[in-house]
Amino acid sequence: MPSFDLLPGAEGSPVILHVPHSAREIPPEVRAGITLDDRALERELNHIVDAHTAELAEAAASSAGVTPWRFVNRLSRLVVDPERFPDEREEMLAVGMGAVYTRTTHLAELRPADTDPKPLVERYFRPYAKAMTHAVADRLAATGRAVIIDVHSYPTARLPYELHGEGPRPPVCLGTDSFHTPPELLAAAREAFAPCGEAGLDSPFSGTYVPLDFYGVEARVAALMIEIRRDTYMAEPGGPAGPGLTRLSRALAALVDAASR
């Protein structure tokens, strides 16, 4: 299967819904390098996967007034995490969770600590980053701007790997960047998600995803991370979605429409 999909939206839409962590698929050759047994791996996937976020983005896209583009990772973040820095800039290296994870959410061994990340970075990370860069460049060329809305979820209870999990855990966390998150985008998100409960800011997760070619240099690329607390829409960990997913998809569609104007 392809490692990612770019699903077309309206030609006049600047919005890309980015869904990086919704999949559970791990290719056999990558599975061979993971030290967990099958049962432990399933448990880890239940904790680490942003379950149902691809369905959330699909439902929002189908109901938005202007159909956004969607960039969806089809492989588990245990293959590579496309949102990490691929080098020493990544703070999550401190807990074994750089672009290629060596530790689990509970800090157990996932891969040997001396695993060379380069083969996985070259095979999976760099093609993903290149394709996302092209997707953003295409929106800039077509509309003069790009709006990346990152769709995530997070557990109700803090997991041991979280570096900044001591703060509030609101129903919706809005992750921002001082350069790429304009005030009007943040205000639109607060309004769109108001029916879903409190929308907090940068806690327990902060920041946004912007391809490195544009990061910190291209102000026409706006970005916002949406982190949804899992108990608002699903059974934890890794269980089925509930009725909250519909409410959230309507909120995300409203944000897409506001960002498309």
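Asp 202 lies in the loop between strands E6 and E7. Helices (H or I, at least four residues) and strands (E, at least two) are DSSP runs numbered from the N terminus. The model is predicted: local features need pLDDT of at least 70, side-chain atom pairs count only at pLDDT 80 or more, and totals for chains, interfaces and linings use all residues. Residues are numbered from 1 along each chain as its sequence is written, and side-chain values use heavy atoms, without hydrogens and water.

**Exercise 1. Describe the backbone at Asp 202 and at Pro 204.**

Step 1. Take phi of Asp 202. It is positive, about 60°, although the residue is not a glycine.

Step 2. Check accessibility. Asp 202 is partly exposed, at 26% relative accessible area. The scale runs from buried (under 20%) through partly exposed to exposed (over 50%), with a 1.4 Å probe and protein chains only.

Step 3. Move along the loop. Pro 204 lies between strand E6 (199-201) and E7. The peptide bond from Ser 203 to Pro 204 is cis, with omega near 10°.

**Exercise 2. Find the cis bond before Pro 237 and the positive phi at His 52.**

Step 1. Go to the loop between E7 and H6, which holds Pro 237. Glu 236 and Pro 237 are joined by a cis peptide bond, with omega about -15°.

Step 2. Go to the loop between H2 and helix H3 (53-63), where His 52 is placed. His 52 is not a glycine, yet its phi is positive, about 70°.

Step 3. Buried or exposed? His 52 counts as buried, at 16% relative accessibility.

**Exercise 3. Decide the disulfide state of Cys 173 and Cys 196.**

Step 1. Set the test. A disulfide is a pair of cysteine sulfur atoms within 2.5 Å.

Step 2. Search the whole structure. The count is zero.

Step 3. Look at each cysteine. The nearest cysteine sulfur to that of Cys 173 belongs to Cys 196, 14 Å away, and Cys 173 is in no disulfide. Cys 196 is in no disulfide either, and its nearest cysteine sulfur is that of Cys 173, 14 Å away.

Step 4. Add accessibility. Cys 173 is buried at 0%. Cys 196 is buried too, at 11%.

**Exercise 4. Work out what surrounds Cys 173.**

Step 1. Place the residue. Cys 173 belongs to strand E5 (residues 172-175).

Step 2. List contacts (heavy atoms within 4.5 Å). Not counting residues up to four places away in sequence, Cys 173 touches Tyr 154, Gly 200, Asp 202, Ser 203, Pro 204, Phe 205, Met 225, Ile 226 and Glu 227. Asp 202 and Pro 204 from Exercise 1 are among them.

Step 3. Check one pair. Cys 173 and Gly 200 are 27 residues apart along the chain, with 4.8 Å between their C-alpha atoms.

**Exercise 5. Map the nonpolar cores.**

Step 1. Define the set. A nonpolar core joins buried Ala, Val, Leu, Ile, Met, Phe, Trp, Tyr and Cys residues through side-chain atoms within 4.5 Å.

Step 2. Take the largest. It has 67 residues, and those with the most contacts inside it are Ile 149, Phe 193, Ile 226, Leu 252 and Leu 255. Helix H6 (residues 244-260) gives the most to this core, eight residues.

Step 3. Find the other one. A second, separate core has 16 residues, including Ala 131, Ala 135, Ala 146 and Val 210.

**Exercise 6. Characterise the two largest pockets.**

Step 1. Fix the terms. On a 1 Å grid over the protein atoms alone, a pocket is an open set of points with protein on both sides within 12 Å along at least five of seven lines, and lining residues have an atom within 4 Å of a point. Points are joined across faces, edges and corners, and volume is the space filled by probe spheres set on them.

Step 2. Size the largest pocket: about 1,000 Å³. Its lining has 45 residues, and the closest to the centre are Glu 83, Arg 84, Glu 90, Ser 206 and Thr 208.

Step 3. Trace the lining. H4 gives the largest share, five residues.

Step 4. Sort by class. Ala, Val, Leu, Ile, Met, Phe, Trp, Tyr, Cys and Pro are nonpolar, Asp, Glu, Lys and Arg charged, and the others, Gly among them, polar. The largest pocket's lining has 20 nonpolar, nine polar and 16 charged residues.

Step 5. Repeat for the second largest pocket, at about 260 Å³. Of its 18 lining residues, Pro 86, Leu 93, Ala 99, Pro 117 and Val 121 are the closest to the centre.

Notes
On a 1 Å grid over the protein atoms alone, a cavity is a set of points where a 1.4 Å probe fits but cannot get out, and a pocket is an open set with protein on both sides within 12 Å along at least five of seven lines; lining residues have an atom within 4 Å of a point.
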